[in-house]
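Please look at the sequence and the structure below before reading on. A set of questions and answers comes after them.

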Amino acid sequence: MSASISTPFGHAIPPAPRHSVTVHMPGWEIVEKFGSDPASVLATLENVYPRMRPHKDIADLAAAVLERISADETQACLLFSSLQSSRECVEFSTSDRRDNGADKKPVPPDQITIRAFSAVDRFFAVVFPRDKLGTVAGFWSTPGAGVSSRFAEANLKRLAKLTELPRPTSENIRPGFESVAHQEIRQRIVQHLKRSSLTPRDQPRPTADDVYLFQTGMASIYKPHTYMLRRNPGTTVLFGMAFMNTPTVFEEFGPGFAFFGNGTDDDLRDLEEFLQTERDNHRRVQAIWAEFPSNPLLVTPDLTRLRALANKYDVVLAIDDTIGSWANIDITYVADMLVTSLTKSFNGYADAIAGSVILNPASRKYHELKTLFDKYYVPELYIDDAEVIDQNSRDYIPRTLKLNNNASAVVQYLQSRAEDPASAVHRVHYPSVNPSGVHYKEFMRPDKISGYGCLFSVELEDLPTTMAFYDNLNVHKGPHLGAPFTLAFAYTMCAYKSKLDWAARYGMKPTQIRISAGLEETETLVEDFRVAVEAADKVKRDNAARLID
């Protein structure tokens, strides 16, 4: 068994660098509290994922901006590196769609403004009344288009040079965020795509010019979504479950959203009926999005059938392969657009955030998408972040191999317990054991490196056994995946406690714990899980004995 976790609640997980994206939230009571009132827990955290709340460096730079313009305590601001993202923030905040009929209202247009500044870099502040933060903050947390903590750190070091600039009127004034590191990342991605490729030899393959880098993983979804909306607004389809912010993007930005959340064969039939109905009524569907496999239950969609439907109904097929990961799967030639959160296993050290989009030159949608990206893409991945990701991603392949092996070993143990009626383990969700895993295996790279990824979920019998498992599992607790350390996260309880009935329609239960395997010694990690399972099994036995008595 590994040494007991000693990281304090609310702190970044060791080695906890300045720009860590992790936080340790141990204890089932915290799960319950976070699910009921996330804001109350976030307020107590020393460190947090940057989209959930601005990093301290970002908050300090924002405070310096407010001081520079002599704003009083009733004002607040959010920071962006481009005029495009700043304008989108204002459009979001002033939209009538921000009226939730309860505690949020749109910001009056005359109360929100964009101002330009420079210290080391040019950036933009969206300034608004502090009492409207609850409305405006939605743009920070969901699209992920704000400045990074390294951007803020660099500009804080030159705070004496902070000056306000005339606000440009054209979005052609863009950040000059291009460096050798950006070029190296794009080239490295292309090289990974070539390894043991399944792409037919007669098809053109992506080059570095087809790889676009973004400041966050969510921005790599949000930005292309808005590019397509600018050209031909239409309904967006999400097939299968996805990370919680993804459906929020599609709901809040765009004219329509259709959700087929189970990702099953029945959903495929329903999707085809929907697409045909939309065509018959001359309504446009602009894109089908899916995760491969999905978060948090690792359901893998039938990508071959999705591709056929996208072709038949002339729809863009966009796939998020973050969980599957390039090292394990090759789906580039099937998708029109491949999106990936580089924050996860590609960067791998939980200390930098970024995303990427790869356009498929063999796609019939390539020229349409390429034109949109050439027109609207703004390079907002900061140079300092690119340099860190360039360095960290150099061992992406050996790390992936270890992550795969650790996840597989733990899953194998947990699956053996799930097959024992005496155990509190009810089910394991992972491509190697899920029925939908056949669709995953179809796209695995044919070599010894590829595996089933680092992420899985374990489902316990009931809440008492779930609590015992969670509290006795000697790993760090919190969101994120693809890190050097194993993380457990009560995904459904934290994300959907207020709508568990809705979540249950898509197979998500409060008795499921999502696990991201880390780089620990395999035998030690399996032992840590054995201890947690035995604690859960004991609760099951004790409860059964009380019923007999």
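The questions below concern a predicted model, beginning with one sheet and then turning to helices.

Q: In what order do the four strands of the open sheet lie?
A: The sheet is open and its pairing is antiparallel. From one strand to the next, the twist averages 40 degrees. The order of the strands is E1-E3-E2-E4.

Q: Which strands stand at the edges of this sheet?
A: A strand at the edge has a single partner strand, so one side of it is left without a neighbour in the sheet. Two strands are placed like this, one covering residues 75–80 and the other 163–165. They are E1 and E4.

Q: How many bridges join E1 to E3?
A: E1 and E3, the latter made of residues 122–129, run antiparallel. Cys77 has Val127 in E3 as its bridge partner, and Phe80 stands opposite Phe124 in E3. The number of bridges joining E1 to E3 is six.

Q: Which residue of E3 is the bridge partner of Ala116?
A: E2 and E3 form a hairpin, with three residues between them. The two strands pair in the antiparallel sense over six bridges. Within E3, the bridge partner of Ala116 is Phe124.

Q: Why is E3 largely enclosed by the rest of the structure?
A: A residue is counted as buried when its relative accessible area is under 20%. E3 has eight residues, and it is largely enclosed because the number of them that are buried is seven.

Q: At about what angle to E3 does helix H4 run?
A: Helix H3, residues 56–68, lies across E1, E2, E3 and E4, and runs at about 120 degrees to E1. Helix H4, residues 83–94, lies across E1, E2 and E3. The angle of H4 to E3 is about 10 degrees.

Q: What arc around the axis do the buried residues of H1 cover?
A: In helix H1, residues 28–36, the buried residues are Trp28, Ile30, Val31, Phe34 and Gly35. They are on the same side of H1, because the arc they cover is only 150 degrees.

Q: Which residues are exposed on the other side of H1?
A: Exposed residues have over 50% relative accessible area. The buried residues of H1 are covered by elements including helix H2 (38–42), helix H16 (463–472), helix H17 (491–496) and strand E16 (512–516). On the other side of H1, the exposed residues are Glu29 and Ser36.

Technical notes
Residues numbered from 1 in each chain as written. Predicted model: local features only at pLDDT ≥ 70, side-chain atom pairs only at ≥ 80, totals over all residues. Heavy atoms only, no water. Pairing = 2+ DSSP bridges. Axes fitted to C-alpha atoms, helices over the stretch in contact; angles between N-to-C directions. Contact = heavy atoms within 4.5 Å. Buried < 20%, exposed > 50% of the residue type's maximum accessible area, 1.4 Å probe, protein only. Arc of directions from axis to C-beta.
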